[in-house]
Amino acid sequence: MLDPVRAKLKLVGVTAGAFAGGVLLASGLDWTTGSHAATLLQTPDRPSSSEVRPVQELSQAFISIAESVTPAVVSIETERTPRARPRRGGQPDEDEEMEMPFGFPFPQQQGPQVPQEASGSGFLISEDGYIMTNNHVVADADQINVVLQDNRNLPARLVGRDPLTDIAVIKIEGERFPAVRLGRSEGVRIGEWVLAIGNPLDLGTTVTSGIVSAQGRSLNNLIGSNAGTNRNWAIEDFIQTDAPINPGNSGGPLVNLRGEVVGVNSAIASPTGLYAGYGFAVPIDLARKVAEDLIRHGRVRRPAVGISVTNVRPEDAEVYRLERIQGVVAQDFPEGSPARAAGVRQGDVIVGVDGRAVERVGQFQRMIATRQPGETVRLDVIRYGERRSVEVRLMEAPTAGQETTGQGPARPAPESEKATKLGVGVSVLTPELADRYKLPANATGLVVTDVANYSAAARYGIGEGTRIQAVDGQEVRDVAAFSRAVERKGAGDVISLRIVYPTGENGIVNVRLPE
């Protein structure tokens with residue numbers, strides 16, 4: 001049986017043969033003579049050199065970039081020993097398929113365990129052998145080998161890796177290696193040409209071209225879902241490109257027309273696991289900061305302002321009197337938050353950092369992450385229509401977090417009064433309810449005990465076990481006060497809820513009631 005590549009080549013060969021045979025047959029039957037043949041043989045005038053010059057110049061640029069960058073692009077081969085992995089139910093299963101970032105699973109092990117092999121790409125960032133790649137390319141590898149463009153195969157050691165940005169650094173021993181030039185992703189514009197370089201599908205070094213399709217893409221917490229207990233610190237602010245990227249391209253460079261690396265190819269969106277027009281790269285400004293920290297400190301010194309934030313929604317813009325639906329809403333503050341100490345309050349909308357506009361969560365995280373702990377940033381915030389600025393000294397983010405589990409077994413809810421417009425049932429919190437929803441023993445107030453399907457509350461992520469502290473800025477201590485506050489609202493109005501999730505995080509959710 002032919003492998004897929006051979007099969008495609010074979011099909012092309014058969015097609016070409018059939019075409020050639022058809023021409024011979026047509027010649028033998030005299031189908032190509034006379035006026036028909038003359039018409040077929042007529043060709044239009046060749047385009048002038050001035051007409052094709054822009055295309056020739058673009059082609060020459062591609063050639064120059066490929067010749068300049070590909071010597072520094074490497075293939076990375078890894079081996080790992082299969083390890084037991086807990087299932088969702090908590091029981092380990094050594095034979096369970098391991099999902100790869102591109103949707104390709106490791107093959108299931110049958111019989112004796114053998115090392116699992118995988119491959120990816122990377123690129124040299126220094127002449128003394130430091131290589132940047134993706135975390136998921138080298139994670140849990142027992143052995144790492146690097147294949148250079150001159151076919152040398154060298155062992156590599158792991159310098160450090162960061163699951164929260166999917167960036168890793170490895171090193172090979174030697175000197176005078178070719179290295180890439182790192183550019184700036186901050187100036188990348190939608191529509192500009194880029195090249196993706198790597199080793200897809202074990203074909204060897206491959207160069208593909210496309211444009212920057214979008215910026216600031218989030219992939220439904222793809223990185224966070226693989227980041228363990230620190231998942232809340234994961235940053236997803238990808239550059240999207242239509243340059244073909246396939247399994248094996250992970251860790252390779254995304255390059256602009258100046259031959260500068262502007263991103264690290266990391267993921268694709270595809271129903272098949274192969275290229276479907278949507279590739280994603282980590283911006284090089286973020287990747288460079290992470291790599292420098294890993295090389296200098298062996299870990300990432302992650303700066304933080306000490307705020308949990310959410311994207312601004314239309315309902316938020318209405319409540320906070322924003323001119324545009326952009327920015328991030330301050331929701332919660334960890335203990336010792338420098339932002340809170342500087343005067344940022346829950347419900348403040350952050351619209352700028354050091355004079356640069358903030359549009360979304362991923363971008364805000366990236367803007368902070370490229371700084372250093374101890375530096376000071378200026379946050380431009382809007383508090384219910386009033387604009388102000390605060391100076392915040394960045395702290396270093398904690399290196400470990402706490403992971404919480406589900407809400408416990410479902411039981412019949414006690415009688416509670418339902419706020420029908422919102423679609424929730426609430427009760428005064430009792431020790432029994434606190435135990436059911438795994439809430440702190442000293443928790444007080446109102447707790448959601450029932451959520452109607454397709455309700456306004458359900459659409460905004462409010463579930464059972466959520467505590468409601470205030471409605472439209474006014475504290476509610478009993479069910480009657482809560483119900484009155486909700487029923488005062490009309491169809492299509494926005495109601496502002498200050499809540500505490502079962503995980504302990506608190507925030508403000510602005511909910512638009514159904515028409």
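Helices and strands here are DSSP runs, numbered from the N terminus, with at least four residues for a helix and at least two for a strand. On that footing, Asp 140 sits in the loop that links helix H4 (135-138) to strand E4 (143-147). The model is a predicted one, and Asp 140 is a handy place to start looking at it. Its phi is near 65°, a positive value in a residue other than glycine. Asp 140 has a relative accessible area of 38%, so it counts as partly exposed, the class between 20% and 50%.

A second residue tells a similar kind of story. Leu 201 is not a glycine, yet its phi is positive, at about 55°. Leu 201 belongs to the loop between strand E8 (193-198) and strand E9 (206-217), and with 41% relative accessibility it is partly exposed.

Stepping back to the whole protein, there are 11 helices and 28 strands. Of the 515 residues, 44% are buried. Among contacts with a separation of 6 or more, 62% are between residues 24 or more positions apart. The accessible surface adds up to about 27,200 Å², and carbon and sulfur atoms hold 50% of it.

Now for the barrel. Six strands close up in the order E1-E2-E3-E6-E5-E4, with antiparallel pairing. From one strand to the next, the twist averages 40°. Strand E3 (residues 130-133) makes a good way in. On one side, E3 is joined by two bridges to strand E2 (residues 116-124), and the two run antiparallel; here Phe 123 stands opposite Met 132. The hairpin of E2 and E3 has five residues between the strands, and in it Gly 129 takes a positive phi near 105°. E3 also pairs with strand E6 (residues 167-171), again in the antiparallel sense, over four bridges. In that pairing Met 132 faces Val 169 of E6.

Where do the side chains of E3 point? Tyr 130 and Met 132 go one way, while Ile 131 and Thr 133 go the other, and all are buried. In a regular strand, side chains alternate between the two faces of the sheet.

Helix H5 is the next piece of the picture. H5 lies across E3, strand E5 (153-162) and E6, and runs at about 50° to E6. The 14 residues of H5 (residues 284-297) should span 20 Å at 1.5 Å a residue, and the end C-alpha atoms are 19 Å apart, so the two values agree. H5 is mostly covered, with 10 of its 14 residues buried. Among the buried ones are Ile 284, Leu 286, Val 290 and Leu 294, along with charged-type names such as Asp 285 and Arg 288. Just past the end of H5, Gly 298 has a positive phi of about 75°.

What about the nonpolar interior? The largest nonpolar core has 46 residues, and Ile 76, Val 146 and Ile 172 have the most contacts inside it. H5 gives the most to this core, with six residues. Another core lies apart from it, made of 24 residues that include Tyr 460, Val 471, Phe 482 and Val 486. In soluble globular proteins, nonpolar side chains tend to be buried together.

Ile 172 deserves a closer look. Leaving aside neighbours within four places in sequence, its contacts include Ile 131, Val 146, Leu 148, Leu 154 and Phe 177. Gly 129, the hairpin residue with the positive phi, is also in contact with Ile 172.

Conventions:
Residues are numbered from 1 along each chain as its sequence is written. This is a predicted model: local features need pLDDT of at least 70, side-chain atom pairs count only at pLDDT 80 or more; totals for chains, interfaces and linings use all residues. Side-chain values use heavy atoms; hydrogens and water are left out. The expected span of a helix is 1.5 Å times one less than its number of residues. Buried means under 20% relative accessible area, exposed over 50%, partly exposed in between (1.4 Å probe, protein chains only). A nonpolar core is a set of buried Ala, Val, Leu, Ile, Met, Phe, Trp, Tyr and Cys residues joined through side-chain atoms within 4.5 Å. Contact means heavy atoms within 4.5 Å. Two strands pair if DSSP finds at least two bridges between them. Axes are lines fitted to C-alpha atoms, for helices over the stretch in contact, and angles run from 0 to 180 degrees between N-to-C directions. Accessible areas come from the Shrake-Rupley method with a 1.4 Å probe; for residues, only the protein chains shown count as cover.
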